[in-house]
Every structure is written in structure tokens, then in C-alpha cells.
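Here is a friendly tour of one structure, with a glance at a helix, a glutamate and some cysteines. Have your viewer open and follow along.

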Amino acid sequence: MRYQHVVRGTFLDRPNRFIAHVALKGGVEVCHVKNTGRCRELLTPGAAVYLARSDNPARKTRYDLVAVEKGSLLINMDAQAPNRVFGEWAEHFLPEPAVVRPEFTWEDSRFDFRLDTPQGPFFVEVKGVTLEEDGEARFPDAPTERGIKHLRGLRRAVEQGCRAAVFFVVQMKGPVRFRPNDAAHPAFGAALREAAAAGVGVFARDCLVTPESLTLDAPVPVVLEGP
């Protein structure tokens, strides 16, 4: 996926989870933050950030904050991007033929994707990962009851004879492994391990990131046991 009209700025502050103040050459810009997570380790005063300009004249903010530099890492933090890049990847690189159907409701769960394969339906829930610590990608960065509900839905689908997986899109390049972030939400880690034990697939891939683009890339080893 690609962004248009990207500019580099300096992060100043984040008055609330929806907006940030960013210094550009022409002054201070109020930007929409495309990630309502905490992202405290990313959005620090003075951090280099990348903004994509919107062509919608009716918007209150001209720019979306889509990426940030953390040391040598460039991290995409657009919460809508993981589904888009997974959808693009699934159309061309799945190991089996499938019809890709986004946002599919099954029982009381709404999964990000249903893949219709010769072996039957395959439900996929996509999670974007922006947290990196000590070379590991970790999820979540804050408690997510919604994430636990998704895992339980995937588990029920498997118990009823379907295939299902949770797919972690690591929005950066280079982490050596993925691990559930038990320090932030131990219940999510427990639910992920229970889902995996029940037959839910757990996958992670990193991304090639530029200020203007995000592309799903290489598998990242998943480690489910605690640190």
C-alpha cells in the first residue's frame, strides 16, 4: 500500500489519542493520529514522524500521522494499514487458492477476513504490531478485551470444524521474534496460548516500511511461552 504527499516533521505532543501537534517547516500542524493506541514509546517529543496529506477539503486536519522513527527503526503506525497489506498479500501469495472476503460476520464474531478455500472457510483476524522491545515485536501495547473476544471467536470456529488463524502484521522490519506482551495484558497472552492449543494458527510477518509505503514481507518466529 502507498501514501500520497508525504512530508517529514517533528513530533511535539499529543493532546488526546486522536490528534498530535507536529512541527513542519511552515509552522505547527494539527494532525490526525491513525492509531488510537497509547504508542508512548513511539510518540516522544522530538521524534521524527511522517505525515500523509489528505486530498479531502472537508477534513478538519490536513494530515494523517502514519509513521515514526524509533532509533534506526522506521515504524508504520497506521492502524488501518495491517488489514490493507494483508489483503494485498493474500490475493497473491497464499499457499493455496482462495477467495478473499474482508469483514465477515460469523455467529457473534466479526472477523477481518474469510478465505474461501477448496478445504472450506478459513477465518483470519489481523492484528497490527507497533511495539518493539529488545529486538522482539510484542502485542498488545495496552489491554485489549476486544482482542480476547476475537481469539475466543476463532477458537469456537475451529471447534466447529473450520480453520482459523490470527495474523500479526509487524509494522516494521527486523524483529527477531514475536511474543505476546504479558506485561501489558496477561489475559491476552493466556487467551492466545489457549487458542493456539485448540488449533488456531498463530502467524507473524514483518514489513518493508518507507515513509510512503508498507509491504508485507518475511515470516517472524512466534514464541508463545513466557519470557
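Which residues are buried in helix 1? They are A81, P82, V85, F86, G87, W89 and A90. Keep in mind as you look that this is a predicted model.

Helix 1 covers residues 81-93, which makes 13 residues. From its first C-alpha to its last, helix 1 reaches 18 Å, close to the 18 Å expected at 1.5 Å a residue. A general point helps in reading the list of buried positions: an α-helix has 3.6 residues a turn, so residues three or four places apart point the same way.

Next, turn to E132, which is found in strand 10, spanning residues 131-133. With a relative accessible area of 14%, E132 counts as buried because the cut-off is under 20%. What lies 2.8 Å from a polar atom of the E132 side chain? That partner is the backbone nitrogen of G135. Leaving aside residues up to four places away in sequence, E132 touches K70, L73 and M172.

Finally, the cysteines. How many disulfides does the structure hold? The count is 0. C207 is in no disulfide, and the nearest cysteine sulfur, that of C39, is 15 Å away. C207 is also buried, with a relative accessible area of 0%. C162 is buried as well, at 18%.

For quick reference, here are the buried residues that come with a value:

| Residue | Relative accessible area |
|---|---|
| E132 | 14% |
| C162 | 18% |
| C207 | 0% |

Notes
Residues numbered from 1 in each chain as written. Predicted model: local features only at pLDDT ≥ 70, side-chain atom pairs only at ≥ 80, totals over all residues. Heavy atoms only, no water. Helix = DSSP H or I, 4+ residues; strand = E, 2+ residues; numbered from the N terminus. Buried < 20%, exposed > 50% of the residue type's maximum accessible area, 1.4 Å probe, protein only. Polar contact = N/O pair within 3.5 Å; in protein donor to acceptor, adjacent residues only side chain to side chain. Contact = heavy atoms within 4.5 Å. Expected span 1.5 Å × (residues − 1). Disulfide = S-S within 2.5 Å.
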